[in-house]
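Here is a quick tour of a model, written for someone who likes to check things atom by atom. Keep the viewer open and follow along.

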Amino acid sequence: MLLKEQNNVRYLRFYFLICFLVYITMAFYYSMLGYKENIPTYMVQCRLFLSFSYMFTLVLSFTTVKPRNLFLFNAVVFLLLVILMKMTYSFEGLREFGAARDSYRYLGQTVKYGDLPIKKFLLQLRHLGYTRSDYGYFLITYIVYNIYPDRMFTVYGLIFVNAICVYASAFGLYKLQLLFNPSETMAKVVAVLWVASPFLILTTANGLKEVIFVTIIIWAFYSLYVFGRERNMLHGIIAFGWIYVCAYFRSAVFYMFILSFLTILLVNDKNKKMFIYLIIVVAILSGTIVPIIIEKVFGTSFENIMNTADYRINHADRSSKLYSMVLPLMSAIIGPFPNFDRQGSYSFMHSMAIYMKTVCGWFFVYGIYKISAGLRKEYYPLLVYVLCSILMTVTAGVSLDIRFHATFLPFVFLIVVNFIKRKPKLDFLYLAVVIVLIMIYSTRKVAYL
């Protein structure tokens with residue numbers, strides 16, 4: 001490993017440890033200050049336990065442990081922690097998915113109609129008003145249920161499927177990072193930043209689709225980049241296959257991938273500068289272009305989307321119009337901001353995952369600048385996808401919800417570790433600003449994710 005790379009690794013490890021100490025300090029500060037809502041004791045305990053587990057695995061990624069062993073260890077720990085969360089729910093008198101209402105719909109409809117042939121099952125879902133974006137997770141639940149038609153077997157079968165996906169997504173992200181940088185340590189760090197996250201443990205325990213969905217996204221990008229390098233038709237078909245599957249989880253992701261695919265095909269050394277200009281122009285005209293695209297592609301009124309977004313934003317805060325406008329934009333780029341003093345559903349327990357994205361925000365913004373200014377065309381497909389994702393979270397008013405960040409969060413971490421620049425004064429000034437932002441965010445009147 002080059003000396004510069006070694007210094008970057010050491011500095012990133014040091015920065016993360018400082019950030020973790022700040023997180024623990026803030027958690028204890030707010031617990032002593034008193035929570036604004038009635039937060040169950042088990043949530044407070046789980047938050048600390050999951051945070052220490054995350055940090056331990058992250059520190060482990062900086063050591064010489066082999067990637068295969070590290071990811072296997074993480075998958076086993078993931079499986080055990082999810083089962084522990086299930087036991088905690090049971091001990092607290094909660095149902096198998098806690099308060100995650102969407103999960104009961106997925107499981108309930110599968111148990112009710114899972115004995116039907118698969119075509120009739122999908123027709124029934126369509127009759128019930130579900131769209132193509134719902135079919136992906138329904139089909140996975142359907143397959144697990146049909147292995148052994150029992151409700152609890154399906155619940156724990158899905159946990160096992162998620163553990164496999166955690167292992168698979170770790171390797172996919174690890175291999176993708178190696179395409180940009182041969183540093184094995186940095187590749188392990190990127191992978192663990194994603195797969196050891198408390199957010200994934202909580203979403204799996206709550207029966208949600210994010211682990212499986214993002215695993216598909218990661219392998220879609222890896223296949224896309226392999227195709228871009230080798231220009232092999234088979235790799236192109238495999239990449240498009242992964243991309244097509246995304247449409248059955250969230251249709252907007254499918255269309256964003258199409259833009260990334262076109263970027264791979266069309267951008268070269270001759271037009272890479274023009275492409276950056278094009279992105280800037282599109283960003284400036286996004287207020288005009290986005291409504292047209294949404295109405296033509298998705299067949300829905302942009303006005304309806306904005307009304308929904310206004311409702312979500314106003315639900316998050318009613319203190320001032322400026323605050324309600326600035327908060328979602330900042331949250332989309334460097335947030336969302338973690339909950340320290342109020343429940344905000346389960347985001348209280350996986351707040352360490354949200355916090356890590358926030359403290360990496362400065363490196364992420366710097367990385368975008370370096371990609372653009374340095375015309376690093378190898379990052380363009382990722383850049384297009386991430387910028388479209390940020391635009392989507394702001395437009396739809398969901399930038400305060402980590403579930404919508406999850407689909408591009410692994411690539412935020414990838415950009416962060418590839419453009420880490422040791423500027424301690426700026427880095428720790430940014431960390432101080434983040435602390436202030438979190439404290440301001442904690443003064444909001446209405447709890448929200």
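## Ground rules and the overall picture

Two residues are in contact here when they have heavy atoms within 4.5 Å of each other. Keep in mind that this is a predicted model.

The fold is easy to sum up in terms of secondary structure: 22 helices and 0 strands. Of the 449 residues in the protein, 54% are buried. Take the contacts with a separation of 6 or more, and 78% of them link residues 24 or more positions apart. The accessible surface adds up to about 20000 Å², and carbon and sulfur atoms own 67% of that.

## Glu96 and its company

Let's put that contact cut-off to work on Glu96, which sits in the loop between helix H3 (residues 67-91) and helix H4 (residues 101-113). Is this charged side chain's residue buried or exposed? Glu96 counts as buried because its relative accessibility is 15%, and the cut-off for buried is under 20%.

Setting aside residues up to four places away in sequence, Glu96 touches Lys86, Tyr89, Tyr104, Leu107, Arg151, Met152, Val155 and Ala205. With one of these, Arg151, there is a side-chain to side-chain polar contact at 2.7 Å.

## Thr393, with no surface to spare

Thr393 belongs to helix H19, which covers residues 380-395. Its relative accessible area is 0%, so Thr393 is buried. Where does the polar part of its side chain go? A polar atom of the Thr393 side chain lies 2.8 Å from the backbone oxygen of Ile390.

Beyond the neighbours within four places in sequence, Thr393 is in contact with Ala332, Val398, Ser399, Phe404 and Phe408.

## Ile415 and Phe419 against one stretch of chain

Ile415 is part of helix H21, while Phe419 is in the loop between H21 and helix H22 (residues 424-441). Ile415 is buried because its relative accessible area is 1%. Phe419 comes in at 6%, so it counts as buried too.

Which residues does Ile415 meet once the neighbours within four places are left out? They are Phe364, Gly367, Ile368 and Ile371. The C-alpha atoms of Ile415 and Ile371 are 9.2 Å apart, with their positions 44 residues apart along the chain.

Phe419, counted in the same way, is in contact with Tyr366, Gly367, Lys370, Ile371, Arg376 and Tyr379. For Phe419 and Lys370, the C-alpha separation is 7.6 Å, although they are 49 residues apart along the chain. Gly367 and Ile371 turn up among the contacts of Ile415 and also among those of Phe419.

## The second largest pocket

Rolling a probe the size of a water molecule over the atoms shows where empty space is left. The second largest pocket holds about 470 Å³ of space. Its lining has 20 residues, and those closest to the centre are Lys4, Glu5, Asn8, Asn181 and Asn418. Helix H1 (3-33), helix H18 (361-373) and helix H21 (409-418) are the elements that give two or more residues to the lining.

Which element gives the most? H1 does, with 3 residues. If you sort the lining by class, you get 10 nonpolar, 5 polar and 5 charged residues.

## Backbone oddities worth a look

For anyone checking the geometry, start with the peptide bond between Gly335 and Pro336: this one is cis, with omega at about 5 degrees. Pro336 lies in the loop that runs between helix H16 (321-334) and helix H17 (351-359).

Then there are residues that have a positive phi without being a glycine. Arg231 has a phi of about 50 degrees and lies in the loop between helix H10 (210-230) and helix H11 (233-246). Arg231 has 45% relative accessibility, so it counts as partly exposed. Leu375 also has a positive phi of about 50 degrees, and Leu375 is found in the loop between H18 and H19.

Methods. Residues numbered from 1 in each chain as written. Predicted model: local features only at pLDDT ≥ 70, side-chain atom pairs only at ≥ 80, totals over all residues. Heavy atoms only, no water. Helix = DSSP H or I, 4+ residues; strand = E, 2+ residues; numbered from the N terminus. Buried < 20%, exposed > 50% of the residue type's maximum accessible area, 1.4 Å probe, protein only. Areas by Shrake-Rupley, 256 points an atom, 1.4 Å probe, with all protein chains shown as cover. Polar contact = N/O pair within 3.5 Å; in protein donor to acceptor, adjacent residues only side chain to side chain. 1 Å grid on protein atoms, 1.4 Å probe; cavity = no way out; pocket = protein on both sides within 12 Å on 5 of 7 lines; lining within 4 Å. Points joined across faces, edges and corners; volume = space filled by probe spheres on them. Nonpolar A, V, L, I, M, F, W, Y, C, P; charged D, E, K, R; others polar.
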